[in-house]
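Grab a coffee and work through these exercises with the structure open beside you. Each task comes with a solution that goes step by step.

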Amino acid sequence: MISTPFLEQLAAKLLVDNSQYFDNLTIVLPNKRARVFLIEAFKKQIDTNIFAPNIISIEDFIQDIAGIRSIDTIEILFEFFEVYSKIVPIDKKESFEQFANWAKIILQDFNEIDRYLLDPNHVLSYLKDIEDIKHWSVDADKRTKLIERYLKFYNLLIEYYRGLYSHLKEKKVGYQGLIYREAVANIPQFLELSDKDVNYVFAGFNALNAAEEVIIQNLIAANRATIFWDIDKAFVNDRQHDAGLFVRRFKDSWTHYKSNPFEWIFDDFSQEKNIKVIGTSKSIGQAKIVGSILEDITAQDITTLNRVAVVLGDENLLLPVLHALPAKVDRLNITMGYSGKNNPVQILISKLFKMHSNALSRNAKSYVFYYKDVIDVLTHPLISANAEAESLVKDIRRNNFTFIAHQTIISIHGEGNDLFKVLFSKWDKGALDVLDNLSSLLLSLKETLVADTNQEKLTKAFIYSIYKVLNKISNYFSGYSSSNTIETLTSIYKQVIDLAEVSFEGEPLEGLQLMGVLETRVLDFDTVIITSMNEGKFPAGKSQNSFIPYDVKRELGLPTFKEKDAIYTYHFYHLLQRAKNVYLIYNTESEGMDGGEKSRFITQLQVEKKPLHTLSTEIYSPYVPEVAAKDFVIEKTESVMERLAEIASKGFSPSALTSYIRNPMQFYFQKILSIRDLEDVEENIALNTLGTIIHETLANLYNPLIGKVQTEEDIQICISKIDDEVAAQFQEIYKKGEIKKGRNLLAFEVAKRHILNFLKLELKAVNDGDSIKILFLEKRFERVLESDLLPCPIVIGGSVDRIELRNGVVRIIDYKTGKVLGTNLSLKNWDNLVLEIKNDKIIQVLAYAFTFEPFLQGRTMEAGVISFKNMKSGFLPFKIKEDKIETQIVTSTILEKYKEQLVHLLLEILNKDIPFTEKEVKSF
C-alpha cells in the first residue's frame with residue numbers, strides 16, 4: 001500500500017470542499033517551508049489556472065492578529081539591556097557581558113509565561129517567595145552581600161518583565177510570547193473587523209501552546225476555521241505513546257470535538273517499511289555512512305533523490321556530511337539552523353578579536369601582534385587563498401618574529417593589499433570603527449566567491465549571518481551604548497554570537513533535502529536518513545535552562561522536559577510515518593557524557609515492532625588489517641643509488657653516519673630526499689638554536705687567538721666581550737625573536753653563563769701552567785676512505801669545533817650543549833661500535849680524528865667532548881681499554897680499527913640489496 005503525503009491529501013480535500021471560494025482560503029502551516037510543498041501539491045491536482053489561496057506560517061499569522069513585528073533574540077537582548085539600565089542604579093549596574101549571562105535565560109522564561117498566558121505577577125512573585133523561604137534560616141542582619149544581591153535580583157524580576165513588555169509594545173516589536181499574548185487579546189477585534197468571507201485552515205500541527213489553542217479554538221467556534229491534524233492511529237490509540245501526547249489532549253479537551261469528528265487520523269505507520277539501524281564510531285563515521293547510502297541510491301536512480309531527506313539530529317554534522325556526499329548529488333537543498341558558534345566566518349572574526357585585543361593589551365601605542373595570533377588569521381581558509389597571506393606567514397617564520405609590529409606588516413606586505421589593510425588596521429578608534437572595518441572585510445570576502453557551487457552558497461550564508469550580527473551590534477552602539485570601547489564590543493560579541501543561527505533555505509522541490517529536525521514538520525519522504533540517533537542528541541537531554549523550577553512548571557502548566565521529549569517523539573515518528581526506507585545512524589563511541597548510548601526511539605521501535613516492519617541492525621567498524629602495521633621499508637632504486645654515490649663523492653659527515661645508525665628512514669628523508677623540518681617560529685629558544693649561539697660566540701671570541709699561545713690577558717679580554725658577543729649572536733641567529741623577557745631571557749643568561757664557565761676553565765688551565773695554542777676553529781676537514789671492500793673511494797668530512805695544541809698534544813674538541821658523561825666516550829671493545837646509537841659521540845670524535853690524522857706531523861692526538869652541562873668534568877676524552885690497558889691517545893692502530901668499523905657501516909648503507917627500514921628509536 002502506497003502512503004499519500006499529508007500535503008497532497010490536504011490539497012485534494014481543500015480543492016473539493018472549497019472549489020467555489022478557493023482564493024478566500026488562508027492556510028496556516030507550522031513553518032514557511034511547507035508552503036512550497038503545498039503549492040506543488042495543488043499544481044499536481046489542477047489542470048487550469050486559478051488563484052492560489054493565501055498560505056502562511058503560524059508565526060506570521062499571529063503577528064498579523066497582534067499587529068506587532070517579531071524581532072530576533074539578539075535585538076531583544078539589546079532592548080532588554082536598555083530597560084535594565086533604566087531600572088538598576090548606575091552603581092549597581094552590571095556590564096553587558098554579566099547581564100547577558102542571565103538575561104538570555106530569563107528572556108526564555110518571559111517567553112514561556114506569555115505563550116502559556118500565565119499571570120506574570122503570580123509566577124514571578126512565586127519565584128521570589130521560593131527564594132525568600134530558602135533563606136529564612138539566615139537572619140536578616142547576618143545575610144551576606146551576595147545573598148542580598150541574589151534576593152534583590154528575584155525582587156526585580158517583575159519590574160524587568162513589566163518594563164520590557166511595555167517598552168517593546170510601545171515600539172510595536174516583540175519576542176514570540178509577547179506577540180502571542182497580544183494576539184489573544186486582539187482576537188475579538190480580529191473576528192469583528194476581518195473579512196468574514198475568509199476562512200482559515202490550520203494543518204499539520206502537533207504541540208500547541210496555550211495562546212495558539214485559544215486563538216484556533218476561537219476561530220473554530222466562530223465558524224471561521226477548520227483544523228486538520230496529521231497523526232497516526234498507532235500513536236493516538238496507544239495512551240502511553242508520547243508521539244500522540246498533545247493530539248490526545250486536544251481530542252479529549254476541546255469543546256469542538258464533543259460534537260464534531262476529529263480530522264485526521266491515518267493508518268500509515270503500520271504499513272510495510274524497511275528500517276536499518278546502523279551504529280558507527282564518531283561523527284566522521286556517520287557522515288561517511290550517509291555518503292555510502294546516497295551512493296547506492298543514486299546508482300539505482302538519481303531522480304529518487306527528490307524524495308530523500310537527510311535529517312541531522314546534531315547540526316554539527318553539517319560540514320562532515322557535505323564533504324561525504326557523492327559526486328552525483330549535484331542538487332542539494334539545505335534547510336536548517338546552524339549554530340553561530342560553529343560558523344567558519346565567526347571563527348575568523350573571533351580570531352581577529354583575539355589578535356587585536358592582545359595587541360591593544362600589550363601596548364596600545366606600539367600595537368604589536370603576537371605571531372601565533374597573526375598566523376591563526378592568515379591560515380584561516382577564507383584568508384589563506386590570498387597570495388600575500390602565504391608570503392607573510394613565510395616571512396614570520398623565516399625572520400623568527402615572535403612579536404610583529406603593525407607598521408612592519410603594513411610596510412612590508414600591506415601596500416596595495418586592501419585585505420591586509422582591513423585585517424591589520426589598528427583598532428584604536430572605538431567600537432563603531434571596528435564594526436565598519438569587519439563589515440568591509442565580510443563584503444570583500446563575499447566578492448571573492450564567484451563560483452555558484454553548493455560550497456560557495458554555503459559560505460555566503462555563513463558570511464551573511466555574521467554580517468547581520470555585526471549590523472545589529474553596530475545599531476546598538478549607535479543608539480544605546482555609552483561605552484564605545486573594544487573591551488565592551490568584545491564582550492558583547494561573545495555573548496550574542498551564541499544566538500546567531502545561520503539559516504539555510506533552498507528550493508526544496510528538486511534534489512537531496514538536508515534538514516534539521518524541526519524543518520521536517522508536515523513533510524513526507526520516501527527515504528529518510530537520520531543521524532545522531534543517540535540519547536542526549538535525539539531526543540535532547542533533560543536540560544533545565546530556566547529560573548523556574550521543574551515542580552513549579554508542572555504546577556503552572558508550563559512545558560517540562562517530558563513535553564519537550566514528546567515533541568521530539570512526534571517529529572521522529574512523523575518522519576517514519578509514510579517513509580518506505582529508513583536509516584537510523586548512531587554513534588557507538590562514548591565521548592564524555594555524549595555518545596555511545598543509542599536513542600530510546602531505536603529501542604522503542606525494536607520493542608514495539610510492527611508485523612510489516614523489517615528491522616535490521618548493523619555495526620560498522622573501521623577496517624583493521626589482520627597484520628599489524630609493518631615497518632616502513634624503502635628499496636634502494638637506481639636513483640637512490642645515484643644519490644648515495646653523489647653523497648659519497650661530496651662526503652659523509654659524522655652526523656649523517658649517526659643519523660643512519662639512529663634510524664635509516666631518518667637518513668633517507670634527510671640525506672637522500674633532502675627533506676628538512678618545517679621552518680617555524682621559535683617562540684622559545686630551541687636547544688639546537690642555543691647550541692649554535694654558543695658555538696658561534698666562542699668562535700668569534702677565539703678567532704683573534706688562532707696560532708698563538710693563550711695568556712691570562714687574552715682570556716680576560718674574551719670574558720669582557722661575552723655580553724656583547726652573545727647579544728650579537730642572538731640577533732643574528734634568533735633574528736627578530738623576543739629575548740628581553742620570559743624563558744628566552746633565561747636562555748640568554750644561560751648562554752652567557754655557559755661561555756663564562758668555559759672561559760674560567762681555560763683561565764684556570766693557563767694559570768696552572770698549561771700551554772694552549774688554538775690551531776683551528778670551526779674548520780672543515782675531509783679525508784678519502786679507501787678499502788678493497790668498498791665499491792669506490794668515499795669521502796669522510798665534517799667541521800670540527802676546535803683543534804688545539806695543549807702541552808704538545810693535539811686535542812680535537814667537539815662542543816656539546818647537552819649533558820655528556822665520561823662513560824659516553826669510553827669503549828671496551830670494537831664489536832658493534834657502529835650498530836648502537838649510544839656510541840654516537842665516539843663515532844663523531846673519531847671521525848674528526850680520522851680526517852685530521854694526515855696533518856699530525858708526528859704529534860700525538862686526543863679527541864673528545866666538552867659538555868657545557870658537565871663543565872666541572874672539563875675535557876672528556878675518548879678512551880679505550882684493551883688488554884687491561886686504558887688509553888686516551890688516538891693512535892694510528894685505533895684509527896685503523898675505527899676505519900674497519902666505518903667500512904662495515906658504509907657497506908650496509910651502499911648495499912643495493914639492503915633497503916632503508918624504519919627503526920624504533922630508543923632513548924638512553
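**Exercise 1: Aromatic pairs**

W427 has a relative accessibility of 2%, so W427 counts as buried (buried means under 20% relative accessible area, exposed over 50%, partly exposed in between, with a 1.4 Å probe and protein chains only). Before going on, a word on ground rules: this is a predicted model, where local features need pLDDT of at least 70, side-chain atom pairs count only at pLDDT 80 or more, and totals for chains, interfaces and linings use all residues. Residues are numbered from 1 along each chain as its sequence is written, and side-chain values use heavy atoms, with hydrogens and water left out.

Task: work out how the rings of F353 and W427 are arranged.

Solution:
- Step 1. Start with the search of the whole structure, which turns up 73 aromatic pairs (rings of Phe, Tyr and Trp, its six-membered ring, pair if their centres lie within 6.5 Å; planes under 30 degrees apart count as stacked, over 60 as edge-to-face and the rest as tilted).
- Step 2. For F353 and W427, the centre-to-centre distance is 5.3 Å and the planes are at 80°, which is edge-to-face.
- Step 3. Now place them: F353 sits in helix 14 (residues 344-362) and W427 in the loop between helix 19 (418-424) and helix 20 (431-447), so the pair links distant parts of the chain, 74 residues apart. Helices (H or I, at least four residues) and strands (E, at least two) are DSSP runs, numbered from the N terminus.
- Step 4. F353 is buried too, at 3% relative accessible area.
- Step 5. Try F572 and Y573 next: with ring centres 5.1 Å apart and planes at 85°, this pair is edge-to-face. Both F572 and Y573 are buried.

**Exercise 2: Salt bridges**

Task: find which parts of the chain are tied together by R307 and D526, then do likewise for E535 and R600.

Solution:
- Step 1. The structure holds 43 salt bridges (a side-chain nitrogen of Lys or Arg within 4 Å of a carboxyl oxygen of Asp or Glu).
- Step 2. In the bridge between R307 and D526, the closest N and O atoms are 3.5 Å apart. R307 lies in the loop between helix 12 (282-300) and strand 10 (308-312), and D526 in the loop between strand 15 (512-516) and strand 16 (527-531), so the bridge ties together parts that are 219 residues apart in sequence.
- Step 3. Check the cover: R307 is partly exposed at 27%, and D526 is partly exposed at 24%.
- Step 4. E535 and R600 meet in a salt bridge at 2.9 Å, N to O. E535 lies in the loop between strand 16 and helix 23 (550-556), and R600 in helix 25 (residues 600-607), so parts 65 residues apart in sequence are tied together.
- Step 5. E535 counts as buried at 19% relative accessibility, whereas R600 is partly exposed at 33%.
- Step 6. For a network of salt bridges, look at E762, D770, R802, E804, R806, R811 and E862, which are linked in one.

**Exercise 3: A sheet and its edges**

Task: say which strands stand at the edges of the sheet with the order 25-28-29.

Solution:
- Step 1. This is an open sheet of three strands with mixed pairing (two strands pair if DSSP finds at least two bridges between them).
- Step 2. Strand 25 (826-827) and strand 29 (885-887) each have a single partner strand, so they stand at the edges and one side of each has no neighbour in the sheet.
- Step 3. Strand 28 (residues 879-882) and strand 29 run antiparallel and are joined by three bridges. I880 stands opposite T887 in strand 29.

**Exercise 4: Backbone oddities**

Task: find where the cis peptide bonds and the positive phi values sit.

Solution:
- Step 1. Recall the background: most residues other than glycine have a negative phi, and most peptide bonds are trans.
- Step 2. The peptide bond from E263 to W264 is cis, with omega near -5°; W264 lies in the loop between helix 11 (245-253) and strand 8 (265-266).
- Step 3. F538 and P539 are joined by a cis peptide bond with omega about 5°, and P539 is in the loop between strand 16 and helix 23.
- Step 4. L117 has a positive phi, near 55°, and lies in the loop between helix 5 (96-115) and helix 6 (120-134).
- Step 5. K282, with phi near 65°, is found in helix 12 and is partly exposed at 39%.
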